[in-house]
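Visitor: I would like to learn how to read a few features of a structure. Please show it to me.

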2 protein chains.
Amino acid sequence: MKSDIEIAQNAEKWPISKIAETAGFEPEEVIPYGSDKAKIELDAEKHQGGLGKLILVTSINPTPAGEGKSTVAVGLADALNLTGRKTMLALREPSLGPVMGMKGGAAGGGYSQVIPMEDINLHLTGDFHALTIAQNTLVALVDNSIYQGNPLNLDPRQLLLKRTIDVNDRELRNVVMGLGGRTSGVPRESGFDITAASELMAILTLSTDLVDLQKRINRIVVGYTYDKQPVTVSELNVAGAITTLLKDAIKPNLVQTIGHTPTLIHGGPFANIAQGTNSIQATKTALMMADYTVTEAGFGADLGGEKFLDVKTPLLGKNPDAIVIVATIRALKMHGGLAKTELNQEDLPALKAGLGNLGQHINSMKRYGIPVVVTINKFASDTEKEVQLVEDYVSDLGVKVTPVDVWGKGGHGATELADEVAKATKQPTDFHKLYQADDDAVVKLNKIVQTIYGGKQVELSDKAQKQLDSYAKLGWDKLPIIVAKTQYSLSDDPKQVAAPADFIIHVREFVPKLGAGFLVALTGKILTMPGLPKVPAATKIKIDGNGKISGLF
Amino acid sequence: MKSDIEIAQNAEKWPISKIAETAGFEPEEVIPYGSDKAKIELDAEKHQGGLGKLILVTSINPTPAGEGKSTVAVGLADALNLTGRKTMLALREPSLGPVMGMKGGAAGGGYSQVIPMEDINLHLTGDFHALTIAQNTLVALVDNSIYQGNPLNLDPRQLLLKRTIDVNDRELRNVVMGLGGRTSGVPRESGFDITAASELMAILTLSTDLVDLQKRINRIVVGYTYDKQPVTVSELNVAGAITTLLKDAIKPNLVQTIGHTPTLIHGGPFANIAQGTNSIQATKTALMMADYTVTEAGFGADLGGEKFLDVKTPLLGKNPDAIVIVATIRALKMHGGLAKTELNQEDLPALKAGLGNLGQHINSMKRYGIPVVVTINKFASDTEKEVQLVEDYVSDLGVKVTPVDVWGKGGHGATELADEVAKATKQPTDFHKLYQADDDAVVKLNKIVQTIYGGKQVELSDKAQKQLDSYAKLGWDKLPIIVAKTQYSLSDDPKQVAAPADFIIHVREFVPKLGAGFLVALTGKILTMPGLPKVPAATKIKIDGNGKISGLF
């Protein structure tokens, strides 16, 4: 069997100019990066046809078995095009950290991939790198201000911004910097986050244009004074420089699927530590160009799905017309307690035990008033009885299951799902957000915990409670909440699979992100800087003298 | 008077495809990055005409007055083209750290600039970013190996590689990392270098192709075992992944001057802390395509010039056919003791006192057996008597001075210099390196100190001496030397301007760079991570809603 990278390398790639033409972009809107990638600088006045239908693909809580959410999103988009519906994909950019660590690539799989998969998984057009250096330049300017006499009276113990790096590097989680005497900075404790968790990443993906981007950068709180007053970037007078560093990164990137569906890949916040959706710019561009836009939100519906609907949708000004929830029978059996080595045999009790995870996500997504479609991403090991069990369970929740075979067949393996989803988008929606803008933070959190996670309630640490008290005085207590939580469980404990009940979500700390416009609630033991595994994926990646890459999964 | 960025933005830019055609590249060799930048993937078999003439532009020791070495290199290349000689430029890429700090842009000035100057000074095609993440991924993999059980027996106190960042960030010079307990790394002391100082930057610019690049990466010494044995990247099995991250960065970047001279900008090691020349790939490509290639080497001839001739030339397999030394009367007067505010009035005694700096560089370059041409980059404040004084002084050394006015007139201000340089390249050369390959490190250093710097001798710290003793056992003691030294003086003390005599160069420490193939000798107080000034250039950079940038100098 061919590997993903072999399939991608053997796929017929159209010139990006042809893909852009297919999508309807004017030639002057297309900035080529090689023959197979481009940035898009849309002239909105040329495209006045209104917005198409929006389809959000999300999934159950991930397991080591793999669910294939991106693969299904790609296959579904190809299938919509194959069945005569003008469709674009709008996805996130993969982060290099996980590519070199555990996860491998993130551009779909098999015959449902986005290409060139190597470049997409490596540097693409450099957006992550621009964000990394923009964030690091900003923090260096903050430290330099303290070093040069500290005119803003910043307290080095109360700085909020961290430097970032797009590497899974646990060694940099906690560092003491500024050592070496008077000429080498001011000693202080800090650490590095992975780039996907940076406030600039959140801001870039939420900005509507350069002016909005610069406004948001000016609003970033870099830290507090000795007398506990917040200090913003605007006081440093460097938002122009930081915006300048992001002038290209703000433009969406155009690539294609193996089935030649025009695909915008843009922005890459993780859903377990950030908002987990691609950019407003990319989604809106796709909506303007195509009749159907397929997009995805990171990890399970509890993380990316909730954030898409409660945080991104209001800024986008358009709610999804249908939500697709992806599951695999293998993953559901893992939720039911099987080990990864035990997934090849039929096991109806395990499957039954795991179905509650799917059920929770179906119910939580249904409450938003948007039609929900469930799909099973098929594997050869799935048995008829297993498929039937899932169909019966889901049917009892009033939702239909439409299996797909997208890894092996591309869009041809999802035409039935395409019909089903297209039909769903014709139904009226009655979108209502989970919480009200003026709900208190604890009210917002409890609505998320109870309705989306199926838990009992939220509990704040002393530190988190003190933070909320101080935010009330600053007027930050009504901001939307981004929950940072393990992706493996509906709870904040990665070991609680399937559908745990009566659990508490523990908020240990808040991180105010005023530029992005939300509060991040760090729960459980979630970290904003991952580490590398014992055998990193980097040890498998090879390249020959002609630049041909192998071992990138 | 218009600023550099205003002149650059108003210049007529040819499509990069037209520039590539002018240079003689085949369309399939050109990978566009937008309409005004491209990467070149040369098919060497298509270009068999032999190598053209190579012209190395270098200068006196820089002063705050500015010398305009890059500006003269650009103007000279334009002038060679204007006078009917097929010419290409091969320059280094600017580093973002200094652009946001003190220096501002680095793409020439006035009407002798490389464009698009904004992109060249910002991300260009992402080479620096690829190097940054490649180096950081490599070091994270080293730390992860120690964390995961340390199978290579690496001593955390004896690691050589540092993480890098393309920001002037003194706060990261000295850090303690790996704090936070068992799951967050292994505590150790380290620090960050600026990307331009990284071993991967040195390697990238010296590599002839992907295979050579990977070989060199495998040879990098990451540190020592507890029993003091060196450990190389090959033992980590990650050279494939690191090479993969550099697969595009190894390709030279094509841009143009305001005068439409095809320009390859590639690689950016600083000359005060690294080898200070652009890439072998770019220089060789230009030599294959053009009759004349103009290139530059960083800072004064003592740093970039010496390294170009002793380290790069042997790998390039071709020595320069002429060396141009750039000086300004204002800078020479600063070497003669004037303050920056005193440069507008004629001051022959100060000029005379500063001329020794130019004299030392002329003599040191002449000894390589290559014709030397001196040029004065003219300013309105220069008087006839001052120019005459320089001409008389230089003439006594057997060299001719040809003034240029390239800031205001572009190539039209350097046609006489172009004729002079072209004539010089017709003279026979008798190139001989400064030192022999099998000279001991101290012999090599003394030859550099005495012949190039005009000093008395080198002195090693105890640490440096011990390092050399251990290198002798490892067989590293005959490697070429890269001296890291202040650019402001021929000595290792930035305050000793003009031509100090009888000085000692103090080597405090060596850094072995086995992948690059040399030993770096850190002298005086030179640092491999700069800091930001009190008023960083970043505070002046602005961008409007249409993406138009101002304040980038």
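Visitor: Which residue of chain B comes closest to the rotation axis?

Guide: Two copies of a chain are related by a rotation about an axis and a shift along it. Here Y33(B) comes closest of the residues of chain B, its C-alpha lying at 2.2 Å. This is a predicted model, in which local features need pLDDT of at least 70, side-chain atom pairs count only at pLDDT 80 or more, and totals for chains, interfaces and linings use all residues. Residues are numbered from 1 along each chain as its sequence is written, chains are lettered from A and ligands numbered from 1 in the order in which they are written, and side-chain values use heavy atoms, with hydrogens and water left out.

Visitor: What turn and shift lay chain B on chain A?

Guide: A turn of 180 degrees and a shift of 0.0 Å along the axis do so, with an RMSD of 0.0 Å (least squares on C-alpha atoms of residues with pLDDT of at least 70 in both copies). That is the relation of a two-fold axis.

Visitor: At what angle do α3(B) and α16(B) cross?

Guide: Two packed helices are described by the angle between their axes and the distance between the axes. The axes of α3 (residues 69–82) and α16 (residues 415–426) of chain B cross at roughly 80 degrees and come within 8 Å (helices are DSSP runs of H or I, at least four residues; axes are lines fitted to C-alpha atoms over the stretch in contact, with angles from 0 to 180 degrees between N-to-C directions). That makes α3(B) roughly perpendicular to α16(B) (65 to 115 degrees).

Conventions:
Helix = DSSP H or I, 4+ residues; strand = E, 2+ residues; numbered from the N terminus. Parallel < 35°, antiparallel > 145°, perpendicular 65-115°, else oblique.
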